[in-house]
Amino acid sequence: MAKNHARMAHTPRMSHLMPLIMAIVGIMLPSTIAAQKHYQSNFSIGAKAGATISRMEFSPGVKQSMVTGFMAGVMCRYMEETHFGVIAELNIEQRGWKENFEEHPFSYERRLTYLQLPLLTHIYFGSRKFKGFVNLGPEIGYMIADGIKSNFNYRNPAAVSGFPIANRMTEQMSMEISNRFDYGISAGAGIEYKPVRRHAVSLEGRFYYGLGNIYPSNKRDTFAASRGISIMVSLGYWFRLK
């Protein structure tokens, strides 16, 4: 009987505490949810400029070396979730190749200028001030200019005295571009620093592998592949609109 009386006396005191417990939970729950949803989506625009080094992937192979160029463009970025976003850019980018004549005093350089549109997945990590990031995605492009610099008659190299024509492909130097449209895959990594609210600067290195050929690539054509490969290093500025 004493045990039953003690249990009955305890029960009313617990029931009196329930409203207080519910009130505390009611106060803490919204703040907990707000703390979990700490990230807000944002939209930024920016500009970038930098340098490129590039070459071509020819099949059959061509003796060549990397050629330098410039790039510049505008960009926009939307980030909806923590650590993930998407970037779209519109860039002018120089690519091409430089023939390698080794010890011979000849030079040939072909510079191809593209208008490029990358659409990239943006993955980032770090603090609010300082972040690292990785960008990955497809690009499409269109060649808007084609320029050649040479110190010999590249249209008839066999007639040039002392030209090292043995075991060398020469058709690529004088061939007209047959396909100005380009597409490929980009992958890059870099760092971003935000000195003040809404403003940020970024430094990125990016690799591009082209999948489109600039010359005809059927079985009877000279080249089975004539694709561009480039490395780009750029400095960018971001301004957050939202």
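## Cavities overall

How many cavities of 30 Å³ or more does a search of the whole structure find? Three turn up, and keep in mind that this is a predicted model. Here's a look at two of them, followed by some strand pairing.

## The largest cavity

The largest cavity holds about 90 Å³ of space. Its lining takes in 17 residues, and those nearest the centre are Met75, Phe133, Ser202, Glu204 and Trp238. Strands β3 (67-81), β4, β6 (130-150), β8 (199-210) and β9 (225-240) are the elements that each give two or more residues to that lining.

As for chemistry, the lining of the largest cavity is a mix: six nonpolar residues, five polar and six charged.

## The second largest cavity

Next comes a space of about 80 Å³, the second largest cavity. Here 15 residues form the lining, with Tyr114, Asp182, Gly212, Ile214 and Gly228 closest to the centre. At least two lining residues apiece come from β5, β7 (181-196), β8 and β9.

Sorted by class, the lining of the second largest cavity has six nonpolar, five polar and four charged residues.

## How β4 and β5 pair

Back to β4, one of the strands lining the largest cavity. This strand covers residues 84-99 and pairs with β2 (residues 64-65) in the antiparallel sense over two bridges. In that pairing, Gln64 has Glu99 of β4 as its bridge partner.

β4 also pairs with β5 (residues 108-126), again in the antiparallel sense, over 13 bridges. Within this pair, Ala88 sits opposite Leu119 of β5. β5, in turn, is one of the strands that supply the lining of the second largest cavity.

Note on methods
Residues are numbered from 1 along each chain as its sequence is written. This is a predicted model: local features need pLDDT of at least 70, side-chain atom pairs count only at pLDDT 80 or more; totals for chains, interfaces and linings use all residues. Side-chain values use heavy atoms; hydrogens and water are left out. Two strands pair if DSSP finds at least two bridges between them. Helices (H or I, at least four residues) and strands (E, at least two) are DSSP runs, numbered from the N terminus. On a 1 Å grid over the protein atoms alone, a cavity is a set of points where a 1.4 Å probe fits but cannot get out, and a pocket is an open set with protein on both sides within 12 Å along at least five of seven lines; lining residues have an atom within 4 Å of a point. Grid points are joined across faces, edges and corners, and a volume is the space filled by probe spheres set on the points. Ala, Val, Leu, Ile, Met, Phe, Trp, Tyr, Cys and Pro count as nonpolar, Asp, Glu, Lys and Arg as charged, and the others, Gly among them, as polar.
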